[in-house]
Number of protein chains: 2
Amino acid sequence: MLNSIQESPLYPIVNPKSIAFFGASNNLSAMGTNQFNSLRDLGFEGAIYPVHPKEEHVQNLKAYRSVHDLPEVPDLAVLVVPTQIVSELLEECGQKGIRHAIIVSGGFKEMGSEGVNREQELIEIAIKYGIRFLGPNCIGVANPYQKLNTTILRYLGDPGFIGMASQSGSFVTQMFNYISHLSLGFSTAFSVGNEANIDIVDCMEYLGKCPNTKVIALYIEGIRRGREFVEMARSIIPYKPIVALYVGGSETGRRAGFSHTGALAGSDQLYDGVFHQSGVIRAYSIGELFDMCWTMGCLPEPKGPRVVIQTHSGGPGATAADSCGREGLELPALSHNTIKKLSPFIPNTGSIRNPVDITFTKNPMDYFSDIPTVLLEEDNADILLIYFLVPSQMVNRALEHMGLSKDQAIEQGAKLINAQCKSIAQLLEIHKKPIVGYTYRGIQEDFTKNLIKQGLPVFQGPERAVRALKALVQYYRLREEILANNSRV
Amino acid sequence: MLNSIQESPLYPIVNPKSIAFFGASNNLSAMGTNQFNSLRDLGFEGAIYPVHPKEEHVQNLKAYRSVHDLPEVPDLAVLVVPTQIVSELLEECGQKGIRHAIIVSGGFKEMGSEGVNREQELIEIAIKYGIRFLGPNCIGVANPYQKLNTTILRYLGDPGFIGMASQSGSFVTQMFNYISHLSLGFSTAFSVGNEANIDIVDCMEYLGKCPNTKVIALYIEGIRRGREFVEMARSIIPYKPIVALYVGGSETGRRAGFSHTGALAGSDQLYDGVFHQSGVIRAYSIGELFDMCWTMGCLPEPKGPRVVIQTHSGGPGATAADSCGREGLELPALSHNTIKKLSPFIPNTGSIRNPVDITFTKNPMDYFSDIPTVLLEEDNADILLIYFLVPSQMVNRALEHMGLSKDQAIEQGAKLINAQCKSIAQLLEIHKKPIVGYTYRGIQEDFTKNLIKQGLPVFQGPERAVRALKALVQYYRLREEILANNSRV
């Protein structure tokens with residue numbers, strides 16, 4: 001175990017002061033140029049030295065013919081060059097004194113026997129010079145806190161709390177857009193590629209120590225160091241949750257993973273056992289992986305699995321109730337006191353059971369303040385799950401029919417929506433119980449966006465909400481098991 | 001069985017020439033007023049007669065004190081009034097000669113024993129006058145082809161091909177927004193409420209005959225006439241698919257459904273048997289219900305379950321492969337001929353297995369024309385599943401770096417995207433094989449929106465795409481079973 005994060009070989013890789021970049025040019029469609037531009041677009045503040053055999057300038061920056069010409073020894077080399085010159089350039093980096101590298105180039109172990117030999121060559125050069133490197137066949141890293149992004153797409157949104165280690169580069173770089181829409185962001189994300197020198201366990205170790213990381217997300221096609229994985233995870237779980245998507249459990253997934261990164265996969269049963277022993281929660285899709293990071297990073301610990309559902313529509317209430325039942329979450333009966341406190345708010349067509357179905361409210365604000373307050377005070381319930389219709393259309397229509405112009409209606413409607421969202425978000429702070437929303441509308445609509453910005457996870461459909469809540473409950477259970485076990489030892 | 005759709009009691013309910021509307025007022029927050037405004041907002045062209053005990057005008061339309069004062073006998077009455085006056089008004093409608101009604105008001109069987117008596121009263125009045133009615137405790141109907149929408153929210157988008165019968169009004173009216181984002185629409189949608197007089201089987205009969213309906217979607221909390229359900233479904237399946245979401249299979253779902261519409265649910269096992277016997281495909285969420293309608297309504301019959309996956313990113317390829325394996329779809333090996341035709345397009349870092357992983361293409365257009373063409377010509381594959389990254393950011397960035405202004409870059413980028421989307425959509429027409437896209441980006445982004453508008457289903461994540469494809473394959477299998485069985489009889 002590391003004493004401090006600075007001891008990790010990954011520390012200089014995601015906190016470099018200077019970078020030598022191989023493979024950027026003035027050809028805008030080249031992959032290296034795109035990665036180079038991502039780095040500059042985010043405003044990296046250290047020195048960047050493009051190395052190019054012919055150009056004087058690369059994207060308006062002074063270029064160097066060889067790494068030997070650089071005015072200093074950079075902390076990090078990034079290589080996006082043709083397969084056959086990677087080892088030669090890595091050797092030169094070693095000669096120059098560079099000790100950390102990201103090798104983006106592919107054409108190694110994932111290509112079969114010839115590639116295996118080429119990869120072995122890289123490993124030997126690294127040993128010779130004491131180089132630690134990520135890849136080959138990876139997309140690089142993002143550490144938005146350091147304005148660092150070596151991947152192919154622009155980093156969007158703010159730095160966040162999700163630390164990621166991924167055996168697919170796509171699930172780092174192609175997720176920038178996706179998670180920014182959830183008001184989420186990466187703390188640090190690693191694409192590990194073929195893991196010739198640094199693997200996913202090393203990344204877990206770094207992220208476990210990383211102060212910006214609240215939850216760790218893994219994308220796995222095959223674990224190379226099983227025992228170390230389990231030990232590392234168990235040492236992290238007491239402090240932060242780990243969520244993993246594993247795709248090697250089916251025959252088709254196994255084959256695809258192998259031709260992607262040469263990973264050796266195992267059966268679902270084997271991996272389920274490994275994950276359970278490790279305290280790692282398994283996700284079954286990329287969407288679910290980030291759903292789970294969301295509830296785990298944003299919500300307080302639930303005391304138990306008892307959910308109360310608030311809805312104004314019977315169908316969405318029933319689907320949420322059905323989801324809870326299927327996922328093993330409980331719907332407790334409401335106490336006499338809660339029923340008494342709720343009854344002034346519920347018309348006779350509504351239902352004060354669980355789900356609490358308000359049907360139609362005369363004062364729309366009740367749904368966002370008094371009603372959820374009563375439900376959060378219910379001792380029989382640990383979690384509040386609320387259905388949101390996104391009322392903007394009805395609000396705006398009513399305002400228009402009242403004689404306001406379309407613009408006025410939109411402005412007034414926005415004010416009302418803002419008050420409603422604020423009210424819910426405050427409840428999260430006051431009551432310290434998990435609150436989660438679900439809707440059948442897009443999560444990019446104003447109302448949902450506003451709720452999400454205020455810190456409330458809102459999911460499309462109750463099924464996703466309930467699975468993410470189940471993961472939250474599961475994490476604290478597994479954590480307790482591991483803590484109990486550790487204290488026994 | 002009906003000889004023609006006009007014989008259905010639902011025909012006048014969704015094709016009325018004139019409507020008496022009870023419960024609209026000049027109070028904009030009242031539910032009846034909202035429903036009344038939905039009807040007028042869509043531009044219903046028949047006569048609308050608001051009936052109100054006091055007002056001279058309701059929402060600027062002449063109001064009538066009593067149904068007896070109306071200048072004609074309307075085809076349909078819509079009642080959104082307090083529970084205790086429903087039976088009195090229904091009686092008056094009967095006296096006036098009205099023979100069809102939608103009873104929105106709640107407070108009947110779903111409320112327990114007292115409500116059961118009130119509902120019985122409605123049934124008896126209906127028998128006395130030969131009235132057929134939907135509800136009580138329903139949200140009404142939408143038939144956008146007739147500009148008819150009696151529900152609480154505005155109908156959005158165009159009329160479509162999904163015929164729906166739902167035991168939740170929310171899953172009619174609250175889905176207008178959702179499905180319009182998928183470029184889908186309802187042909188006719190029924191909220192059946194407590195089914196006191198007309199039930200879901202009657203709706204299936206209507207939708208089976210409805211020429212605008214290509215696929216039938218059901219939301220079920222409990223089936224009241226089991227035998228009739230099976231017989232009706234089996235008579236429809238040879239002509240159009242039926243998809244059903246059932247939420248009564250879990251204990252929590254069963255209880256919620258009962259307090260919603262008083263439906264009596266059965267175990268998952270029982271319903272799975274009923275659905276299989278009926279040829280009905282079961283969905284497990286509302287999202288999935290419409291996903292399945294999408295593939296079934298937009299795509300040609302697949303010859304079998306063999307899928308070829310096209311990607312330029314290994315991780316998304318592996319997740320799709322894993323999904324196919326889990327859902328029982330096959331990933332065939334590509335023929336020698338296909339591999340030969342593909343090789344000029346795939347760099348040495350790519351993979352010409354299945355998934356076909358292009359990695360990086362020099363000519364971006366290849367991904368949208370030549371490569372999928374080769375894959376559609378592959379005799380070993382029945383279905384093409386393509387990963388889309390939504391390339392607008394990279395395209396626009398390259399154009400900006402080339403010296404175009406931001407506006408010019410966006411304009412040129414939009415042209416390129418349009419050409420790419422058109423190219424894929426044409427392949428669907430030429431090859432008559434199902435093509436489905438998946439992405440991790442929002443489906444409301446320009447690129448995806450464009451693809452969807454051109455008729456290609458695009459899903460968020462491979463899991464949803466694969467489950468919707470599986471349903472498509474399943475439908476044709478069940479259809480064959482039922483046809484074989486029918487011809488044997």
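# Exercises on a predicted two-chain model

In this predicted model, the side chains of A:Arg326 and B:Asp268 form a salt bridge, with N and O 2.9 Å apart. The exercises begin from this pair.

## Exercise 1. The contact between the chains

Determine how many salt bridges and polar contacts join chain A to chain B, and describe the side of chain A that takes part.

Solution.

Step 1. Apply the distance criterion to the opening pair. A salt bridge requires a Lys or Arg side-chain nitrogen within 4 Å of a carboxyl oxygen of Asp or Glu; the pair A:Arg326 and B:Asp268, at 2.9 Å, therefore qualifies.

Step 2. Count the links. Two salt bridges are found between chain A and chain B, and 18 residue pairs are in polar contact, both residues being at pLDDT 80 or more.

Step 3. Identify the elements. On the side of chain A that touches chain B, two or more residues come from each of helices H2 (31-41), H5 (170-173), H6 (175-180), H9 (251-261), H12 (314-327) and H15 (392-401), and from strand E13 (242-246). The greatest contribution is that of H12(A), with ten residues.

Step 4. Sort the residues by class. This side of chain A comprises 30 nonpolar, 34 polar and 13 charged residues.

Step 5. State the extent. Chain A and chain B each supply 77 residues to the contact. About 6000 Å² is buried between the two chains, 55% of it on carbon and sulfur atoms.

## Exercise 2. The relation between the copies

Establish how chain A is related to chain B.

Solution.

Step 1. Superpose the chains. A turn of 180 degrees, with a shift of 0.0 Å along the axis, lays chain A on chain B with an RMSD of 0.0 Å.

Step 2. Interpret the operation. The two copies are therefore related as by a two-fold rotation axis.

Step 3. Compare the contact residues. Of those in chain A, 100% recur in chain B, and the same surface thus serves both copies.

## Exercise 3. A sheet in chain B

Describe the seven-stranded sheet of chain B and identify its edges.

Solution.

Step 1. Write the strand order. The open sheet of chain B runs E9-E8-E11-E10-E12-E13-E14, with mixed pairing.

Step 2. Locate the edges. Strands E9 (148-149) and E14 (281-283) of chain B each have a single partner strand, so one side of each lacks a neighbour in the sheet.

Step 3. Examine one pairing. Strands E10 (residues 162-166) and E11 (residues 186-191) of chain B run parallel and are joined by five bridges. B:Met164 has B:Ala189 in E11(B) as its bridge partner.

## Exercise 4. A link within chain A

Find which parts of chain A are linked by the salt bridge between A:Arg154 and A:Asp41.

Solution.

Step 1. Check the distance. The closest N and O atoms of A:Arg154 and A:Asp41 are 3.1 Å apart.

Step 2. Place each residue. A:Arg154 lies in the loop between strands E9 (148-149) and E10 (162-166) of chain A, whereas A:Asp41 belongs to helix H2 of chain A. The pair links distant parts of the chain, 113 residues apart.

Step 3. Set the pair in context. Over all chains, the structure holds 44 salt bridges.

## Exercise 5. Backbone exceptions

Locate the cis peptide bond at A:Pro355 and the positive phi at B:Gln59.

Solution.

Step 1. Recall the usual case. Most peptide bonds are trans, and most residues other than glycine have a negative phi.

Step 2. Locate the cis bond. A:Asn354 and A:Pro355 are joined by a cis peptide bond with omega of about 10 degrees. A:Pro355 is in the loop between strands E16 (351-352) and E17 (356-357) of chain A.

Step 3. Locate the positive phi. B:Gln59, although not a glycine, has a phi of about 50 degrees; this residue lies in the loop between strands E3 (57-58) and E4 (61-62) of chain B.

Methods
Residues numbered from 1 in each chain as written. Chains lettered and ligands numbered in written order. Predicted model: local features only at pLDDT ≥ 70, side-chain atom pairs only at ≥ 80, totals over all residues. Heavy atoms only, no water. Contact = heavy atoms within 4.5 Å. Buried area = accessible area lost by both parts, 1.4 Å probe. Polar contact = N/O pair within 3.5 Å; in protein donor to acceptor, adjacent residues only side chain to side chain. Helix = DSSP H or I, 4+ residues; strand = E, 2+ residues; numbered from the N terminus. Nonpolar A, V, L, I, M, F, W, Y, C, P; charged D, E, K, R; others polar. Least-squares fit on C-alpha atoms with pLDDT ≥ 70 in both. Pairing = 2+ DSSP bridges.
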